[in-house]
Amino acid sequence: MTSAPLEDSRDSVLRHTTDNGVSWITLNRPEAMNAITPDQREHLISLLDHASADPSVRAVVLTATGKGFCAGADLRGAPTGAERVAGDVARLIRGGAQRLIAAVLDCEKPVIAAVNGTAAGLGAHLALACDLVLAAESAVFIEVFIRRGLVPDGGGAYLLARLIGPQRAKELMFFGDALPAAEAERLGLVNRVVPDDDLAKTARAWAERLAAGPTRALALTKALVNASLEAGRPAAFAAEAAAQEINMTTADAQEGVRAFIERRPPGYQGR
């Protein structure tokens with residue numbers, strides 16, 4: 001296992017290592033249920049951007065230490081009594097929570113959430129923005145905003161409505177009840193629920209399988225699926241054809257075809 005770059009290792013509240021082509025990003029503020037500070041958020045966005053650009057990174061795992069995956073944004077220290085100027089809140093959301101969720105959705109490598117405990121508010125949306133979601137049996141998801149008299153942020157209404165439909169999304173957001181991992185799996189928010197002790201092992205197995213795959217084909221597939229929720233059929237079909245055109249210029253696509261013809265397992269290099 002290789003250590004993170006020096007600037008990453010200095011930040012003990014956000015651990016980062018790269019191993020076998022997998023970038024492991026671990027929220028590490030267990031005493032605060034891994035609530036995300038602005039500095040953490042910026043660091044996380046930077047690591048996701050780096051993963052997109054670094055050919056040696058071929059998959060990402062996002063997880064956390066302690067009993068909580070992420071309790072949302074850390075609101076401690078946020079100004080409460082200052083007079084607000086019109087537009088301040090919108091700018092704060094666009095530049096903060098929404099940028100974080102967009103960084104996950106736009107990452108060109110597959111991102112796995114390994115949810116080890118409570119994922120609340122922005123923390124739930126951070127997990128649900130990932131391409132695949134693994135959850136420990138003890139994990140729970142909470143749309144906590146309504147309990148605070150707030151509107152969901154971090155793309156929550158966008159994500160939930162597309163994952164489980166508008167009525168289920170409204171039920172979770174209107175009531176703010178805790179959703180156990182098993183129920184989240186039944187609704188389709190979680191790909192797999194595993195015993196707590198197996199979470200890291202399962203995440204590693206999934207991530208290393210993805211890291212051994214055709215990286216550009218995975219990136220193009222991710223982009224197609226994400227865009228399909230916004231596009232009509234003509235645009236979706238045009239995007240699919242363009243993605244095929246781009247992908248067939250990659251070494252991995254050519255290797256995949258050769259391996260099929262030669263009746264052998266392919267050896268993908270992520271290029």
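The buried residues of helix H4 are covered by a set of elements that includes helix H2 (38-53), helix H3 (88-95), strand E6 (111-115), helix H5 (122-128), helix H6 (156-164) and helix H10 (215-228). Keep in mind that this is a predicted model, with an average pLDDT of 93 over the protein. Here's what goes on around H4, and then elsewhere in the chain.

**Two helices with a buried face**

- H4 spans residues 97-106, and Ala97, Leu100, Ile101, Ala103 and Val104 are its buried residues. Looking down the axis of H4, you'd find them within an arc of 150°, so they line one face of the helix.
- H7 runs over residues 166-175, with Ala169, Leu172 and Met173 buried. Down the axis of H7 the buried residues fall within an arc of 90°, so here too they line one face of the helix.
- Turn to the other side of H7 and you meet Gln167, Phe174 and Phe175, which are exposed.
- As for what the buried residues of H7 pack against, that's H5, H6 and strand E10 (178-180).
- Just after H7 comes Gly176, with a positive phi of about 70°.

**The nonpolar cores**

- Which residues have the most contacts inside the largest nonpolar core? They are Leu48, Phe69, Val115, Leu126 and Phe141, in a core of 48 residues.
- There's also a second, separate core of 15 residues, which includes Val22, Ala59, Trp206 and Ala207.
- In general, nonpolar side chains in soluble globular proteins tend to be buried together.
- Val115 is a good one to click on: beyond its neighbours within four places in sequence, Val115 is in contact with Phe69, Ala127, Val133, Leu134, Ala135, Ala136, Ala139, Phe141 and Leu199.

**Ile142 in strand E9**

- Ile142 sits in strand E9, residues 140-142. Is Ile142 buried or exposed? Its relative accessibility is 12%, so Ile142 counts as buried.
- Leaving out residues up to four places away in sequence, Ile142 touches Thr118, Ala119, Ala120, Gly121, Ala124, Arg147, Gly176, Asp177 and Ala178. One of those partners, Gly176, is the residue just after H7.
- Ile142 and Leu122 are 20 residues apart along the chain, and their C-alpha atoms are separated by 9.5 Å.

**Positive phi in the loop before H2**

- Most residues other than glycine have a negative phi. Two residues here go the other way: Met33, with a positive phi near 50°, and Asn34, with a positive phi of about 60°.
- Met33 lies in the loop between strand E3 (22-27) and H2, and Asn34 is also placed in the loop between E3 and H2.
- How accessible are they? Met33 is partly exposed, with a relative accessible area of 31%, whereas Asn34 is at 0% and counts as buried.

**H10, H11 and the loop between**

- Ala227 belongs to helix H10 and is partly exposed, at 39% relative accessible area. Ala227 and Val111 are 116 residues apart in sequence, with 17 Å between their C-alpha atoms.
- Glu230 is in the loop between H10 and H11. Glu230 has a relative accessible area of 47%, so it's partly exposed.
- Not counting residues up to four places away in sequence, Glu230 touches Tyr158 and Arg162. From Glu230 to Gln40 it's 190 residues along the chain and 30 Å between C-alpha atoms.
- Pro234 is part of helix H11, residues 233-247, and with 63% relative accessibility Pro234 counts as exposed. Pro234 and Cys130, 104 residues apart in sequence, have their C-alpha atoms 27 Å apart.

**Rings**

- The charged end of Arg233 sits over the ring of Phe237, 5.7 Å from the ring's centre.
- Ring-to-ring pairing is another story: the count comes to 0 aromatic pairs, with ring centres having to lie within 6.5 Å to pair.

**How far to trust it**

- Of the residues, 94% score a pLDDT of at least 70.
- Residues 1-10 stay under 50 in pLDDT, and the model has 15 contacts for them beyond four places in sequence.
- Where pLDDT is low, the predicted coordinates should not be read in detail.

How values were computed. Residues are numbered from 1 along each chain as its sequence is written. This is a predicted model: local features need pLDDT of at least 70, side-chain atom pairs count only at pLDDT 80 or more; totals for chains, interfaces and linings use all residues. Side-chain values use heavy atoms; hydrogens and water are left out. Rings of Phe, Tyr and Trp (its six-membered ring) pair if their centres lie within 6.5 Å; planes under 30 degrees apart count as stacked, over 60 as edge-to-face and the rest as tilted. A charge sits over a ring if NZ of Lys or CZ of Arg is within 6 Å of the ring centre and within 35 degrees of the ring normal. A nonpolar core is a set of buried Ala, Val, Leu, Ile, Met, Phe, Trp, Tyr and Cys residues joined through side-chain atoms within 4.5 Å. Buried means under 20% relative accessible area, exposed over 50%, partly exposed in between (1.4 Å probe, protein chains only). Contact means heavy atoms within 4.5 Å. Helices (H or I, at least four residues) and strands (E, at least two) are DSSP runs, numbered from the N terminus. The arc is that of the directions from the helix axis to the C-beta atoms. pLDDT is the predictor's confidence in each residue, from 0 to 100.
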